[in-house]
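Got the model open in your viewer? Let's take a short walk through it, one selection at a time.

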Amino acid sequence: MMQKNISVIISTYNSVEWLKKVLWGYNTQTYKEFEMVIADDGSREDTKEMIDAMREEVSYPIIHVWHEDNGFQKSQILNKALLACTTDYVLMSDGDCIPRPDFVEQHIKYREEGYFLSGGYHKLPMELSKSLSKEDIYSGRCFDVEWLKKNGMSASFKNNKVDAMGIKSALFNMLTTTKPSWNGHNSSGWIKDIKAVNGFDERMQYGGQDRELGERLVNYGIIPKQIRYSTICLHLDHPRGYATPESINKNRSIRKVTRTEKRKWTEYGIVK
């Protein structure tokens, strides 16, 4: 067995059926030399049972990092997952994002010292998210735009992200004006760079903790590279109940300080 040279961190919380679809997606990857680290923010026992069962099915090793449920502590569990990685490069995504078969391969292809990568995602409607089956994922038809439209996905220019490859993806990457940032659904970077800025700020609540990490990486001198049409995942729909006006204002305040003071380090990260 070849030594793994990239760690894939997947965050999850009490979403067994979505996470199972995601793990099937990683079993289709064209690039095989990765380890899976599941950052579990206090899920119930059924998540552990599913992961144990999936270990018998998938071709990649799974490390399950869990802590007790104490409200929204995603930043904290992501820091713990970073410490559990055994490689020097990390790709981060979520337990509701099914990767295209070349997902890991594209991150390996574009990774470069002094940079982090910012990829893309395409959101599916709820009914289609629910109906996607193991066979839909293993066959690859869930990344067929025509099949997706027949099964409830609306027609949109954004659909180009689903199957863009080669010259088409390179052209769209060049033309896309979206600012590259650390995107929790689809980003990768060198673990030494993330540790150099002390990982995620554990004060951050729902929404924005990934962007704030990216802002510190940029302040540290790491250059973001946008590849949103080269590496893509399907974002399954789900209810969102964590955000409150208080948490949003708190996050904005932390990010404002990071930007205006050009902070490279947080006192509330991996090292306390």
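Start by selecting Lys179, Gly214, Glu215, Val218 and Arg259: of the 15 residues that line the second largest pocket, these lie nearest its centre. Keep in mind that you're looking at a predicted model. The space in this pocket comes to about 220 Å³. Color the lining by type and you'll get five nonpolar, four polar and six charged residues.

Which helix gives the largest share of this lining? It's H11, with five residues. H12 is also there, since H11 and H12 each supply at least two lining residues.

Next, show those two helices by selecting residues 209-220 for H11 and 245-260 for H12. Their axes are 10 Å apart and the packing angle is about 10 degrees. Because angles under 35 degrees count as roughly parallel, H11 is roughly parallel to H12. Now turn on side chains where they touch: Arg211, Glu212, Glu215, Arg216 and Asn219 on H11, and Ile254, Arg255, Thr258 and Arg259 on H12. By type, this contact has six charged residues, two polar and one nonpolar.

Last stop: the largest pocket, with about 880 Å³ of space. Select Lys74, Asp94, Asp96, Tyr206 and His238, the closest to its centre among 37 lining residues. Then highlight strand E1 (6-12), helix H3 (74-84), strand E4 (89-94) and strand E7 (120-123); each of them supplies at least two residues of the lining, and so does H11. How does this lining divide by type? You'll find 12 nonpolar, 15 polar and 10 charged residues.

Terms used. Residues are numbered from 1 along each chain as its sequence is written. This is a predicted model: local features need pLDDT of at least 70, side-chain atom pairs count only at pLDDT 80 or more; totals for chains, interfaces and linings use all residues. Side-chain values use heavy atoms; hydrogens and water are left out. Axes are lines fitted to C-alpha atoms, for helices over the stretch in contact, and angles run from 0 to 180 degrees between N-to-C directions. Helices (H or I, at least four residues) and strands (E, at least two) are DSSP runs, numbered from the N terminus. Angles under 35 degrees count as roughly parallel, over 145 as roughly antiparallel, 65 to 115 as roughly perpendicular and the rest as oblique. Contact means heavy atoms within 4.5 Å. Ala, Val, Leu, Ile, Met, Phe, Trp, Tyr, Cys and Pro count as nonpolar, Asp, Glu, Lys and Arg as charged, and the others, Gly among them, as polar. On a 1 Å grid over the protein atoms alone, a cavity is a set of points where a 1.4 Å probe fits but cannot get out, and a pocket is an open set with protein on both sides within 12 Å along at least five of seven lines; lining residues have an atom within 4 Å of a point. Grid points are joined across faces, edges and corners, and a volume is the space filled by probe spheres set on the points.
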